[in-house]
Amino acid sequence: MTECNDVCVVAEQTLIVIEDDENIADLLDTYLRTAGFRVLLAPSGERGLELIDQHSPVLAILDIGLPGMDGFDVCRRIRERAAMPVLFLTARDGEIDRVLGLELGADDYVTKPFSPREVVARVKAILRRGESPAPSDATVLKIGDDFEVDLSRREVRVKGEPVGLATREFDLVAHLAHNQGLALSRQQLLDSVWGADWYGDDRTVDVHVRQLRRKLGDDLPLATVWGIGYRLG
Ligand code: CA
């Protein structure tokens, strides 16, 4: 997988597009299929969750304005089930703020109207981030006695108990764990974890750090380094 570039199709990966606007759904369907993905389409959150349970797609593209359950609710329900990445389709500034609030752990978002090529590029970027590490990497990183970051299972365990994290939360703690003892600036973290093409700002890092502290507990040795950023361990 690590040898693969943009043009190589390893195996058909299944994505789900949860979007009630038929034109947008069809457009995404066409582009994603052309890019080599298998695509499930759901016109509502309820249907989307059914399909997720049946087919376990690797990533969800999720509209926010949906009939019935809205995209935020759907995302919350997805998070209860799996650590599947979620790419939000947002229509309004107010929605972007909520997506960035990231209680939900969105992995990325695009704003309508968007270019379908851009969506395909972001989907690929998210999936690349989630690829298994090279075999030479240690697969379990220890943080103190109580915390383990299992890179191959993409799981963090506190005293042996797995804790559910969103994709970026996991990527962030994994990156910090790789660099234990080093103070990393917010910009370094943005570049390494979110990638240079990420539009967000420092606030994104702070929100994710807050989520990690909340989910992993007060014993997590994640320090704020004044004037710089964060240090783990
Ligand atoms: Ca809609």
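Biologist: Where I begin is D63: how do I read its relative accessible area, and is D63 buried or exposed?

Modeller: The general idea is to set the value against a cut-off, with buried meaning under 20% relative accessible area. In this model, which is a predicted one, D63 has a relative accessible area of 3%, so D63 counts as buried.

Biologist: Which residues coordinate the calcium ion, and with which atoms?

Modeller: D63 is one of the donors through its OD atom, together with D20, also through OD, and G65 through its O atom, at 2.2 to 2.3 Å. Along the sequence these donor residues follow the spacing D-x42-D-x1-G. G65 is partly exposed, because its relative accessible area is 43%, whereas D63 is buried at 3%.

Biologist: Turning to strand β1, which residues does I16 contact once its neighbours within four places in sequence are left aside?

Modeller: I16 lies in β1, which spans residues 14-18, and has a relative accessible area of 0%, which means that I16 is buried. Beyond those sequence neighbours, I16 is in contact with L40, A42, G48, L51, I52, P57, L59, A60 and I61. As for V86, 70 residues separate it from I16 in sequence, while their C-alpha atoms are 9.7 Å apart in space.

Biologist: How should I read the two faces of a strand, and which residues of β7 lie on each side?

Modeller: In a regular strand, side chains point alternately to one face of the sheet and then the other. In β7 (residues 147-150), F147 and V149 are on one side and E148 and D150 on the other, and all of them are buried, with both faces covered.

Biologist: Which strands pair with β7, and in what sense?

Modeller: β6 (residues 140-143) pairs with β7 in the antiparallel sense over 4 bridges, and K142 has E148 as its bridge partner in β7. The hairpin of β6 and β7 has 3 residues between the strands, with G144 in the turn at a positive phi of about 60°. β7 and β8 (residues 155-158) also run antiparallel, joined by 4 bridges, and F147 stands opposite V158 of β8. In this hairpin, 4 residues lie between the strands, and R154 takes a positive phi near 50°.

Biologist: Finally, at what angle do helices α7 and α8 cross?

Modeller: A pair of packed helices is described by the angle and the distance between the two axes. The axes of α7 (residues 186-194) and α8 (residues 202-216) cross at roughly 80° and come within 9 Å, which means that α7 is roughly perpendicular to α8. R186, Q187, L189, L190 and W194 of α7 meet D202, T204, V205, D206 and H208 of α8, a contact with 4 nonpolar, 3 polar and 3 charged residues.

How values were computed
Residues numbered from 1 in each chain as written. Heavy atoms only, no water. Axes fitted to C-alpha atoms, helices over the stretch in contact; angles between N-to-C directions. Parallel < 35°, antiparallel > 145°, perpendicular 65-115°, else oblique. Contact = heavy atoms within 4.5 Å. Nonpolar A, V, L, I, M, F, W, Y, C, P; charged D, E, K, R; others polar. Donors = N, O, S within 2.8 Å, 3.2 Å for Na, K, Ca; no water. Buried < 20%, exposed > 50% of the residue type's maximum accessible area, 1.4 Å probe, protein only. Pairing = 2+ DSSP bridges.
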